[in-house]
Amino acid sequence: MPRLCLLAALALRLAGAALLSPGSCTFEDSACGYQWDYAHLPWTLHGEGHYISVDTSYEGEKAVLSSPDLYSEEWSCVRLIYQIATTSDTSPDPARLNLYLRQEGESFDRLLWSAKEPSDSWLIASLDLTNSTKKYKLVLEGEMGQDKSTSIAVFEIKITSGYCIECDFEENHLCGYVNRWNPNVNWFVGGGNIRNSQSILPKDHTLNSALGHYMYVDSVYVKHFQEVAQLISPRTTAPISGCLSFYYQLKLESSIVFTVYLRDMSGFYEEIWKTDSALNADWALAEVDFNAPYPMEVIFEVAFNSAKGGYVALDDISFSPVYCSNQTGAPFNPVNAGCNFEEDLCNFYQDHKDGPGWSRVKVKRNVYRAGDHTTGFGYYLLANTKFTSQPGYIGRLYGPTLPGNLQFCLRFYYALYGFFKMSGTLAVYIFEENHVVQEKIWSVLDSPKGVWTQAEISFKKPMPCKVVFVSWCKSFWDCGLVALDDVSLSLGSCQAADLLLPTPGECTFEKDECVFTQKKRGRGSWHRKRGPTPTSYTGPKGDHTTGVGYYMYIEASNMVYGQRAYLVSRSLRGTSGKQCLTFFYHMYGAGTGLLSVYLKKEGDDEEIPLWRRTGEQSISWLRGLIEYESDTNYQIIFEAIRGVSIRSDTAIDDILFQAGPCLEVEEIQFSSGYPDSLNEIEY
């Protein structure tokens, strides 16, 4: 069994258990109210070593440790000091330590953080918790993986009020701040009667004492021009904006550049502050407006030009949700730059000088023409280039003004019909208002015909700008239909957004079957698939999530009439109050059978019917909404029954469980067939 590095952990003890805030624990002589789940592996408390651990000396897949009930109306920071020790660094299924947030009234835990890197000493993780009026628990889950010799240890959990980027450097773990190692210049801990530098170092700012601590970097070992030292904060884990402040001293003998940057998950640096002059030997306050709508690190960087450059000292980093400057007005909300076109054009508008442009249309459920992406029976925008007799038709749709110097991720869904050549039939431009310049940032290359396909574009412009959607046909003989729906804008790059932790209770089937399992696997069960189903005139052409991803379906050609396939969720936590289940289903084909959703409570053999559709419904993906209640643990079951012919493929996708009542209510929970008004389009 690998040895856990305990000596370093001893240096991390807090002042005493009596001073610990609720939810904090040093595991010195108790688990502080933390309890392990007896249905899984046991945790072992090591009082002499001040840690709690689980290892592979017992057989099992995981161990679960839950905190007592916690409550905080203010922001708080969770610091976790841990170690994963294994004998193999290359296991295909490595050990992992996960931290979840279990909120009152929620059936699913929210994953806050996950780590799988083995180490021979302790590591620290810092996680921001937003303020909430709900009670919650922290849940630690140790997954043992496939390595035969694994240990997972937790030395300390500490919950403090405030933000994780704040630090006075008085504790040995330095609030999770780390120095990026450089052979010649590095950030060190100063104070506490430490005198190991040739510079005359100050007292700290927190205690105004030689016993207090701060961080400093000295030029004495500089060997090259522009030697750089970086002190890196914990990465923010929740959107924050406001005022970042800190105290610093700078002794300047030759050129020193002291800069503060923000760095996102894709490695992009943004300078937010820089020293403008040398200061006297006293602590100076620096304040800078700070905006981290997506995960960011704060980097304090000092660059020296010579060994006689001097030093920089840093202390008391703090954060306030109120901006330092006298900013007025609400910050930019990216939600206002999106639209699903269900009610109107939102903040989009058109210039009709080039032609009829975009029309807001609605298609009723039918088996010939696809409906919108939002629900399958709602509104979307349609540019019908066949309405014009002139080649070179252009339809422009302008979005609202976006602020400059922010990273954006634009996502939207489009579908194309009737074109021989699809390349360039839809394009996205950025219009910079001050320079009257249009830049094309995306255009269609190829796309499956008639399938709602997701596009995503990352962009950042220094000046305010607008997004412009442009549809056009190059010749009279090759014009068709361009459909647009569900435009959304978020802050941060699309690549960074893809790295974010998953939404609890959501399953898109892109990676696996999520919380669902098959009652019985075989040719006649549910299958995970991408692209069209093998049988013509039945099943979807693509998934609902992106148009090119995965969904679950039954292949009717492998089944007999009346045969059933079950997709069953794991046991979900019962809660008081209403719950909302949203999903998308596809029932297209002349022989389509039944799709039903059931609720099965723990300890009860009865399967309560919640929702049912019988027969062919539409060629589109349709949204299903179910509102239900269960105060005991329960399972959700999707049951598909094969119809009278092989044209009976039934599919589901994009399942989402949410706490609280549904914002919309589906009037009919049990129905069969589609309306008589087929292929009607409303303008």
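**Notes on rings, cores and cavities**

1. Let's start with a pair of rings: Phe108 is buried, and Phe657 is buried too. Keep in mind that this is a predicted model. The two ring centres are 5.1 Å apart with the planes at 40 degrees, so the pair counts as tilted. Phe108 sits in the loop between strand 6 (96–103) and strand 7 (110–115), while Phe657 belongs to strand 41 (residues 650–659), so this pair ties together parts that are 549 residues apart in sequence.

2. Now a pair with another geometry. How are the rings of Phe246 and Phe258 arranged? Their centres lie 6.3 Å apart and their planes meet at 65 degrees, so the pair is edge-to-face. Phe246 is part of strand 15 (residues 240–252) and Phe258 part of strand 16 (residues 256–264), so the parts tied together here are 12 residues apart in sequence. Buried or exposed? Phe246 has 0% relative accessibility, so it counts as buried, and Phe258, also at 0%, counts as buried because the cut-off is under 20%.

3. Those are just examples, as the structure holds 38 aromatic pairs. One aromatic cluster is worth pulling up on screen: Phe341, Phe348, Phe412, Tyr414, Trp442 and Phe469 form it.

4. Rings also turn up under charges. The charged end of Arg360 sits over the ring of Tyr379, at 3.9 Å from the ring centre. Lys519 does likewise with Tyr566, its charged end sitting over that ring at 4.2 Å from the centre.

5. On to the nonpolar packing. In soluble globular proteins, nonpolar side chains tend to be buried together. The largest nonpolar core here has 77 residues, and the members touching the most others are Trp187, Phe300, Phe412 and Phe469. Strand 25 (residues 406–417) gives the largest share of this core, with six residues. Another core, of 33 residues, lies apart from it and includes Ile52, Ala63, Ala125 and Val154.

6. What does Trp187 touch, leaving aside neighbours within four places in sequence? Among its contacts are Phe258, Phe300, Met215, Leu231, Val302, Val312 and Leu314. Asn179 and Gln230 are in contact with Trp187 as well. Phe258 is the residue from the edge-to-face pair with Phe246, and Phe300 is one of the members of the largest core that touch the most others.

7. Which residues line the largest cavity? They are Ala337, Phe348, Gly399, Pro400, Leu402, Leu410, Val467, Phe469, Val487 and Leu489. Strand 29 (465–472) and strand 30 (481–491) each supply at least two residues of that lining. The space inside comes to about 50 Å³, and the count of cavities of 30 Å³ or more is two. Phe348 and Phe469 from this lining also belong to the aromatic cluster in point 3.

8. A residue with a polar set of neighbours: Thr545, in the loop between strand 33 (526–530) and strand 34 (550–554). Thr545 has a relative accessible area of 14%, so it is buried. Not counting residues up to four places away in sequence, Thr545 touches Tyr413, Gln454, Thr508, Glu510, Asp653 and Asp654.

9. Finally, the overall picture. The protein chain has two helices and 43 strands. Of its 683 residues, 52% count as buried. Among contacts in the chain with a separation of 6 or more, 80% come from residues 24 or more positions apart.

Note on methods. Residues numbered from 1 in each chain as written. Predicted model: local features only at pLDDT ≥ 70, side-chain atom pairs only at ≥ 80, totals over all residues. Heavy atoms only, no water. Phe/Tyr/Trp six-rings, centres within 6.5 Å; stacked < 30°, edge-to-face > 60°. Helix = DSSP H or I, 4+ residues; strand = E, 2+ residues; numbered from the N terminus. Buried < 20%, exposed > 50% of the residue type's maximum accessible area, 1.4 Å probe, protein only. Lys NZ or Arg CZ within 6 Å of the ring centre and 35° of its normal. Contact = heavy atoms within 4.5 Å. Core = buried A, V, L, I, M, F, W, Y, C linked by side-chain atoms within 4.5 Å. 1 Å grid on protein atoms, 1.4 Å probe; cavity = no way out; pocket = protein on both sides within 12 Å on 5 of 7 lines; lining within 4 Å. Points joined across faces, edges and corners; volume = space filled by probe spheres on them.
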